[in-house]
Every structure is written in C-alpha cells, then in structure tokens.
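Student: I should like a close look at one part of this model, namely the empty space enclosed within it and the packing around that space.

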Amino acid sequence: MQYFEDLELGTLEKFGSYPVTREEVIAFASRYDPQPFHLDDEAASHTFFGKVAASGWHTCAMFMAMQVKEMERVGHQGMGSPGLDELRWHQPVYPGDTLSVEREVYDKTLSRSRPELGIFKSRMRVLNQHGEVVMSFLSTAFIAVRGD
C-alpha cells in the first residue's frame, strides 16, 4: 500500500500504456465533444489536425484510466482531489497513438484540518509513443496518512 509517507519529492514515475482507437475517439466525441474534426476525416482535413483527432477532454479521460490503474497497482490510498491547474494540450492525439504518463511529485504537506490526509502536488505529463508531450497539468491530490 502507498501512503503519504511513501511519496518522495522529485521522484519521476512513468506508467501506463493506453492504445487510442478510432472507434473510441469517435464514440467519445459523438457523446461529449461533437466537433467535426473529432468525428470525420474529411472535416478534419480542412483543419490543422489533418485527420480525426481525439478531444482534449477524451485525452483527460484516457489519462484518468491510466492513473486509476496505476493507483490500483501500487495500492495508492487516494482520497480524491480538489482540482488541477495549468492544463495544456500540446499536440493532437490521433487514433493509433499509444499514451503513457510521467508524474513528478514536487510538494507534499499534511492537512491542517484533517490529520488523516496528506496533500501532494505533481507535475503530470501525458506522452505519445514518440515521447512527445501531448498534455500536461499540475495535479493536487489527497492521500491517506499511514500515521506510524
């Protein structure tokens, strides 16, 4: 199990492997972000995307799937998050890409109001199979304190 006490500042963790499929890109966009360049190659060919590209919000969802899987793998005692900052989509994500994550913990403190919780901040980067950053943000999250 991973707790607040186990997080080390400056540690760079790499995890995840998420294959992006055309079917999923179109299904997500159809429901949540039905802009033409997420749905149709012809429409996308007239934009800087050039072809169907995943919604940035879909990229966030794919990140979250990898994050939860990693939390389950390490037994991370996550307790939610008050939010994130500086979300940036650097490059398009296309069907056929494979995404992964890099996380660097840069700050951690104990909660003053809830001693059973720690707060940690991370620099998050989502990469494609070429190692190019496609999305980045700063994450703040709560984690259980072991208390030993």
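Student: By class, how many nonpolar, polar and charged residues does the lining of the largest cavity have?

Tutor: The model is a predicted one. The lining of the largest cavity has three nonpolar, three polar and three charged residues. These lining residues are Gln-2, Glu-13, Phe-15, Gln-67, Glu-70, Met-71, Val-74, His-76 and Arg-103. Strand 1 and helix 4 are the elements that give two or more residues to this lining, and helix 4 gives the most, with four residues. The volume of the largest cavity is about 60 Å³, and the count of cavities of 30 Å³ or more comes to one.

Helix 4 also takes part in the packing of the interior. The largest nonpolar core has 18 residues, and among those with the most contacts inside it are Met-62, Phe-63, Leu-99 and Val-126. At least two residues of this core come from each of strand 1 (12-19), helix 4 (56-74), strand 3 (98-110), strand 4 (117-127) and strand 5 (133-144). Helix 4 gives the most to the core, with four residues. Apart from this core lies another, of seven residues, including Phe-4, Val-105, Phe-120 and Ala-141. Beyond its neighbours within four places in sequence, Leu-99 is in contact with residues that include Thr-59, Met-62, Met-66, Val-93 and Val-126.

Helix 1 (residues 22-32) has Val-25, Phe-28 and Ala-29 buried. These three residues lie on the same side of helix 1, because they cover an arc of only 95° around the axis. The buried residues of helix 1 pack against helix 2 (36-39) and helix 4, whereas the face turned away from the buried side carries the exposed residues Glu-23 and Arg-31.

The open pockets complete the account. The largest pocket holds about 350 Å³ of space, and 23 residues line it, with Phe-63, Met-64, Gln-67, Ser-81 and Ser-139 nearest its centre. Strand 5 supplies the largest share of that lining, six residues; by class, the lining divides into 13 nonpolar, nine polar and one charged. The second largest pocket has a volume of about 220 Å³, and of its 17 lining residues, Phe-49, Ala-54, Ser-55, Gly-56 and Trp-89 are the closest to its centre. Here helix 4 supplies the largest share of the lining, three residues. The lining of the second largest pocket has nine nonpolar, seven polar and one charged residues.

Key
Residues are numbered from 1 along each chain as its sequence is written. This is a predicted model: local features need pLDDT of at least 70, side-chain atom pairs count only at pLDDT 80 or more; totals for chains, interfaces and linings use all residues. Side-chain values use heavy atoms; hydrogens and water are left out. A nonpolar core is a set of buried Ala, Val, Leu, Ile, Met, Phe, Trp, Tyr and Cys residues joined through side-chain atoms within 4.5 Å. Buried means under 20% relative accessible area, exposed over 50%, partly exposed in between (1.4 Å probe, protein chains only). Contact means heavy atoms within 4.5 Å. The arc is that of the directions from the helix axis to the C-beta atoms. On a 1 Å grid over the protein atoms alone, a cavity is a set of points where a 1.4 Å probe fits but cannot get out, and a pocket is an open set with protein on both sides within 12 Å along at least five of seven lines; lining residues have an atom within 4 Å of a point. Grid points are joined across faces, edges and corners, and a volume is the space filled by probe spheres set on the points. Ala, Val, Leu, Ile, Met, Phe, Trp, Tyr, Cys and Pro count as nonpolar, Asp, Glu, Lys and Arg as charged, and the others, Gly among them, as polar.
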